[in-house]
Amino acid sequence: MQFENDIYEVAIIGGGISGTALLYSLSNYTNINRIALIEKQPEVALGNSHRTSNSQTLHFGDIETNYTLEKAQKVKGAASLVKNYLLRNDPQQKIFSKYHKMVLGIGKEQIEELRERYKDFKSLFPGLKLIEKEEIELVEPNVVKNRTPEEEIIALSTEEGYTIDFQKLAQSFLGKSVANTEKTIDLMMETKVKSIRKEGEFYQIQTDRDVVVAKVVVFTAAAYSLLFAKSLGYGKDYALLNVAGNFYLAPGVLNGKVYTVQLKKIPFAAIHGDAEVHNQSKTRFGPTAKVTFLLESRNYATFVDYFRTAGLSINAFLSFFNILLEKVILEYIVRNFIYDIPFVGRRLFLRQVQKIVPSMQLSDLQLAKGYLGIRPQIVNLKTKRLELGEAKIVGENILFNITPSPGASTCLQNAEYDTEKILDFLGQDYTFDKNRFLQDLGDEQALTQIT
């Protein structure tokens, strides 16, 4: 017999930026009293949310040229919640740095694309500017230095460039969650979920330590979310094309973020240069993006689990062949695979970096050892196509979140959505103070802007 005080109202599985954002929302803005956070690592955000596993960018959609205006509107609203949280709770900027950022257009075709984009996006982003070579040189001299005079360039630029240590942000969410001593919030670190099953109205979560019982379960465990969804019969029409991203490091040649125009039909970020979050003496270039058949970077034991997320059906194989044999995607994947090959890769990657910094030398560029993250890209087995953006699978009193980029930027909006869904599961006795949530995170005019 299960006693009420042994049962959690909500169990969150996965302690990255998404899991801790949800914990922050539930603990501070609802009357849910018993919450468990289950994380297999000894600390939160040691996976894809760690600073060496992502480009540390708060995405608004202003300079990401693969974002439509509609998507940019959604992402801007979501990212503003994170921005406002930082401005309210991190005045010393221990979690983030603010730099300018731009997307660089090279040649007539890209210049025309950025001019048209500026017309469409300037009302949504009033701080966005279209700047010519002379102004680019003022803010990013190394972008212009040694560039051939006949090569035309232009840029969309803004001062709203937030570089974030998402692990520290997750730690901040966690700290503000456990500070609420009126609630029972159990942190189960170094606890690995082995299986999950539903018995009656409760979920039995078998870990390598004990059995955790909860009324509602939310998976915020990246690629693993789909693995566990399929174990319960959900997500049958999805598979994952996992992409491992790496970076190259160089001396501090940029003062902020410089993106390049996105390749058409490619859902992965184009190569860009970023000043490190708290260290302008280093510039990070990347990411490279290669397909990997692992659920976790460098964890080869997850090879079998990766194929369990797709199944070995003919439909799955046809979907992967359909995607990977598309000429643009295949060329992109092959080129990015070469980037990681010793001797050859660095030389090939240098050509891409020199589009941003023409004076960059081979000796200045080093593969970032220990830097590697995995982004799960969603494959729809019905359409046999990649689906851009996140996937959220809703089951009976259970949610599964699979969040590729910009999942960190939208973490608080995802938390808001999940909080409302959780309360639907739990019933009318539970409340979410959404007005206070939005008041705390959404009133930009009340914030002191950092200059």
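Two strands are taken to pair if DSSP finds at least two bridges between them, where strands (E, at least two residues) and helices (H or I, at least four) are DSSP runs numbered from the N terminus. On this basis, strands S15 and S16 form a hairpin with 4 residues between them, and Lys384 in the turn has a positive phi of about 60°. The structure is a predicted model, in which local features need pLDDT of at least 70 and side-chain atom pairs count only at pLDDT 80 or more, whereas totals for chains, interfaces and linings use all residues. Residues are numbered from 1 along each chain as its sequence is written, and side-chain values use heavy atoms, with hydrogens and water left out.

The two strands of the hairpin, S15 (residues 373–380) and S16 (residues 385–387), run antiparallel and are joined by 3 bridges, with Leu386 of S16 as the bridge partner of Val379. Strand S15 is also joined to strand S10 (residues 238–251), again in an antiparallel arrangement, by 8 bridges, and here Ile378 of S15 is the bridge partner of Leu240. In a regular strand the side chains alternate between the two faces of the sheet. In S15 both faces are covered, since Gly373, Arg375, Gln377 and Val379 on one side and Ile374, Pro376, Ile378 and Asn380 on the other are all buried, a term that denotes under 20% relative accessible area, with exposed meaning over 50% and partly exposed in between (1.4 Å probe, protein chains only). Because 8 of the 8 residues of S15 are buried, the strand is largely enclosed by the rest of the structure.

Ile374 is also among the residues touched by Glu296 (contact means heavy atoms within 4.5 Å), together with Lys40, Gln41, Tyr224 and Thr302, when residues up to four places away in sequence are not counted. Glu296 is placed in the loop between strand S13 (279–291) and helix H8 (303–310), and at 19% relative accessibility it counts as buried.

A search of the whole structure finds 21 salt bridges, each defined as a side-chain nitrogen of Lys or Arg within 4 Å of a carboxyl oxygen of Asp or Glu. One of them joins the side chains of Asp62 and Lys101 (3.0 Å, N to O). Asp62 lies in the loop between strand S2 (34–38) and helix H2 (69–89), and Lys101 in strand S3 (residues 96–106), so the pair ties together parts that are 39 residues apart in sequence. Both Asp62 and Lys101 are buried. Glu276 and Arg284, likewise buried, form a salt bridge with their closest N and O atoms 2.7 Å apart. In the salt bridge between Lys129 and Glu135 (3.3 Å, N to O), Lys129 counts as partly exposed at 39% relative accessibility, as does Glu135 at 32%.

Aromatic rings of Phe, Tyr and Trp (its six-membered ring) were paired if their centres lie within 6.5 Å, planes under 30 degrees apart counting as stacked, over 60 as edge-to-face and the rest as tilted. By this rule the count comes to 17 aromatic pairs. Among them, Tyr248 and Phe349 are stacked, at 4.5 Å centre to centre and 20° between the planes. This pair links distant parts of the chain, with Tyr248 in strand S10 and Phe349 in helix H11 (residues 344–353), 101 residues apart. Both Tyr248 and Phe349 are buried.
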